[in-house]
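Let's take a walk through this protein together, one stop after another. Have the sequence and the model open as you read.

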Amino acid sequence: MPEEHPDLEAVGGAMREEWRADQEAATRDAAEDFHHRRTLHDAFTEHMHRGDRLAVTVAGYRVAGIPEEVGPDLLALRTLFGRIDIQLSPVVPLWYDVFERAVEGGSRGVDVAGGSFVRALQLHEQYDDATMGTVFDPDGFDGKLRVGADFVTVIARAGAETTVPLAFVSWVSKRRD
């Protein structure tokens, strides 16, 4: 067995240590970069995949549920009273808490509205009664929805019509009782 040179052994150990330090630094940088590039859409998608229960406050209206569908401008929550579709928009004030972290379950989500808030509104046109919240009235308006290109009209049972620009619609669901 050839005798090892003591200087080469030390040099090799130092090189391996330097390589490990470089790899750890690159991993930390990549993790930080990943964190800084995440979007709200990414966060909601992760919560959906895990099955976390969220408490979302949108334009002053608070609702708890499990994310069911996430799109570029849509967060759909499955709540105790059914599905609620929330508009994700810089104009609509929103914040959320992780109410309960799931230890199992989660889903890949459903594709009811194709990830589009406008499509979710259009799907609610089929119901005689829906509830639509706005940034002006977080509790919402009840009635039949008519969705235009850039506005939504709610026709109440008594016939009154309320029209709101689409940008200020915060959420929609089947009529709450």
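Here, a residue is called buried when its relative accessible area is under 20%. Alanine 59 has a relative accessible area of 11%, so it counts as buried. You will find alanine 59 in the loop that links strand 1 (53-58) to strand 2 (61-71). Its backbone deserves a look too: alanine 59 has a positive phi of about 50 degrees, although it is not a glycine. Do keep in mind that this is a predicted model.

Next, let's visit the nonpolar interior. The largest nonpolar core has 16 residues, and Phe117, Leu121, Met132, Leu145, Val152, Val169 and Val172 are those with the most contacts inside it. At least two residues of this core come from each of helix 3 (117-124), strand 6 (130-134), strand 7 (141-147), strand 8 (151-155) and strand 10 (169-174). Helix 3 gives the most, with four residues. For a close-up, pick leucine 145: leaving aside residues up to four places away in sequence, its contacts include Leu121, Met132, Val152 and Val172, as well as His124 and Glu125. There is also a second, separate core of 15 residues, with Leu54, Val56, Ile84 and Leu88 among them.

Our last stop is glutamine 87, in strand 4 (residues 82-87). Is glutamine 87 buried or exposed? With a relative accessible area of 9%, glutamine 87 is buried. Its side chain reaches the backbone oxygen of valine 169 at 2.5 Å. Beyond four places away in sequence, glutamine 87 also touches Phe117, and its other contacts include Asp73, Val92, Leu166 and Ser170.

Terms used
Residues are numbered from 1 along each chain as its sequence is written. This is a predicted model: local features need pLDDT of at least 70, side-chain atom pairs count only at pLDDT 80 or more; totals for chains, interfaces and linings use all residues. Side-chain values use heavy atoms; hydrogens and water are left out. A nonpolar core is a set of buried Ala, Val, Leu, Ile, Met, Phe, Trp, Tyr and Cys residues joined through side-chain atoms within 4.5 Å. Buried means under 20% relative accessible area, exposed over 50%, partly exposed in between (1.4 Å probe, protein chains only). Contact means heavy atoms within 4.5 Å. A polar contact is a pair of N or O atoms within 3.5 Å; within protein, one must be able to donate a hydrogen and the other to accept it, and residues adjacent in sequence count only if both atoms are side-chain atoms.
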